[in-house]
Amino acid sequence: MYTERAVRRTYGARNERAARTMATFIISLCAILMLTTVSGLICRKAQLPEVIGQILVGPSLLGVMHMSDSLSLFSDLGIIILMFLGGVGCDLQLLKKYSKAAVIIACMGVVFPVAVMGGVSLLFGFKPIPAAFIGVVFSATSVSISVAVLKEAGLLDSKEGVSILGAAVADDVIGVILLSVMCTLVNTGSVDVAGLGLILLKQVLFFVAAAVVVVWVAPALMTLAGVLKAPSGIAVMAVIICLAMAWASNLAGLSYAVGAFFAGIAVSNSDYAEDADRYIEPVGDTLFVPVFFVGIGLQTTGVDDTKMIVFIAIMTVLGVITKVVGCGLGGRMA
């Protein structure tokens with residue numbers, strides 16, 4: 001009897017904690033959706049992308065709300081769905097046509113930030129390796145924000161849009177390689193050639209597999225879903241392809257975003273792209289994507305060191321300038 005009562009108390013306590021966690025998550029989600037709706041309205045009135053308002057909502061909630069495991073999961077799903085929809089809306093033929101331009105833009109968009117931001121970090125007293133690390137971090141591009149802005153502007157399938165997205169994906173690949181090099185330098189003081197080779201091999205295998213999925217596998221699976229005529233079968237199959245490729249890209253050392261983007265391209269290569277987009281976009285845009293952008297702000301931390309505040313302000317300005325100049329020159333070259 002004593003053991004039975006102890007088990008009941010244990011399960012009761014667990015259920016109570018789970019209920020509290022669920023209640024906190026639900027009210028947090030309600031608050032996020034309400035605030036992003038208001039911020040979106042304000043941004044539209046100001047003729048700004050809605051994503052700006054969604055990101056700014058995050059810092060306004062600091063101290064009131066934190067990034068829980070549940071919100072973090074929603075956030076990860078948000079970027080996966082956003083990138084998938086970006087791929088669905090991207091013109092595959094244009095992406096092929098401007099792939100060379102995208103690579104040139106990505107390379108120039110990496111070189112300038114690494115050189116300038118690394119140099120400025122040295123002037124602020126950072127040692128060479130940490131300074132180079134900072135430069136590499138600033139070379140990264142937020143492909144998710146690019147997709148959100150281009151999608152809202154209706155430019156995903158334009159010459160400029162596919163060049164930007166192609167460059168952002170290439171930038172992600174270059175960034176993973178550079179960050180891997182810098183991490184081994186920081187930790188060991190030398191470059192792990194074998195480890196770097198393994199990373200490159202994984203990425204090559206992923207892109208080969210992605211090409212197979214885009215050309216053959218995804219169109220066949222989407223056709224099968226259409227033939228079976230199951231309720232929401234097309235949307236379910238599209239989500240399966242999206243999640244599987246996001247998982248595969250993470251396994252290859254890339255971000256979930258890259259795999260989801262290529263999954264979107266794969267679905268766009270089938271006859272059911274419009275159906276998939278019509279079913280999935282409302283759910284993503286109303287529920288998951290806003291949580292992702294608010295989560296960016298929720299993970300912001302305050303700084304009270306005057307020197308660091310000056311450093312952050314200077315680096316923010318230079319971060320914009322180096323990307324605009326570097327990628328702009330790449331665009332001119334291409």
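Lys-229 sits in the loop that links helix H9 (193–228) to helix H10 (233–251). In this predicted model, the backbone there does something worth a second look: phi of Lys-229 is near 55°, a positive value in a residue other than glycine. The residue also counts as exposed, at 73% relative accessibility.

A similar story turns up at Gln-47. This residue belongs to the loop between helix H1 (2–45) and helix H2 (50–60), and its phi is positive too, at about 60°, although Gln-47 is not a glycine. With a relative accessible area of 74%, Gln-47 is exposed.

Stepping back to the whole fold, the protein chain is built from 13 helices and has zero strands. Read along the sequence, that gives the pattern α-α-α-α-α-α-α-α-α-α-α-α-α. The radius of gyration is 22 Å, close to the 20 Å that the globule rule gives for 334 residues, so the chain is as compact as a globular protein of that length. Along its principal axes, the C-alpha trace spans about 70 × 55 × 50 Å. As for contacts between residues at least 6 apart in sequence, 78% of them join residues at least 24 apart.

On to what is inside and what is outside. Of the 334 residues, 40% count as buried. The chain exposes about 17,800 Å², and carbon and sulfur atoms supply 69% of that area. Charges balance in number: there are 20 positive and 20 negative side chains, with the centres of the two sets 5 Å apart.

In soluble globular proteins, nonpolar side chains tend to be buried together. Here, the largest nonpolar core has 70 residues, and those with the most contacts inside it are Phe-84, Met-222 and Phe-261. Two of these three meet directly, as Phe-84 touches Phe-261. Leaving aside residues up to four places away in sequence, Phe-84 also touches Ala-238, Cys-242, Ala-260, Ala-263, Gly-264, Val-267 and Ile-280.

Helix H6 (residues 128–138) gives a smaller-scale view of burial. Its buried residues include Ala-131, Ile-134, Gly-135 and Val-136. An α-helix has 3.6 residues a turn, so residues three or four places apart point the same way. Ala-131 and Ile-134, both buried, fit that spacing. The cover over the buried residues of H6 includes helix H5 (99–123), helix H8 (159–188) and helix H13 (306–333).

How values were computed:
Residues numbered from 1 in each chain as written. Predicted model: local features only at pLDDT ≥ 70, side-chain atom pairs only at ≥ 80, totals over all residues. Heavy atoms only, no water. Helix = DSSP H or I, 4+ residues; strand = E, 2+ residues; numbered from the N terminus. Rg over C-alpha atoms; globule rule 2.2 N^0.38 Å. Buried < 20%, exposed > 50% of the residue type's maximum accessible area, 1.4 Å probe, protein only. Contact = heavy atoms within 4.5 Å. Areas by Shrake-Rupley, 256 points an atom, 1.4 Å probe, with all protein chains shown as cover. Lys, Arg positive; Asp, Glu negative; His and termini not counted. Charge placed at Lys NZ, Arg CZ, Asp CG, Glu CD. Core = buried A, V, L, I, M, F, W, Y, C linked by side-chain atoms within 4.5 Å.
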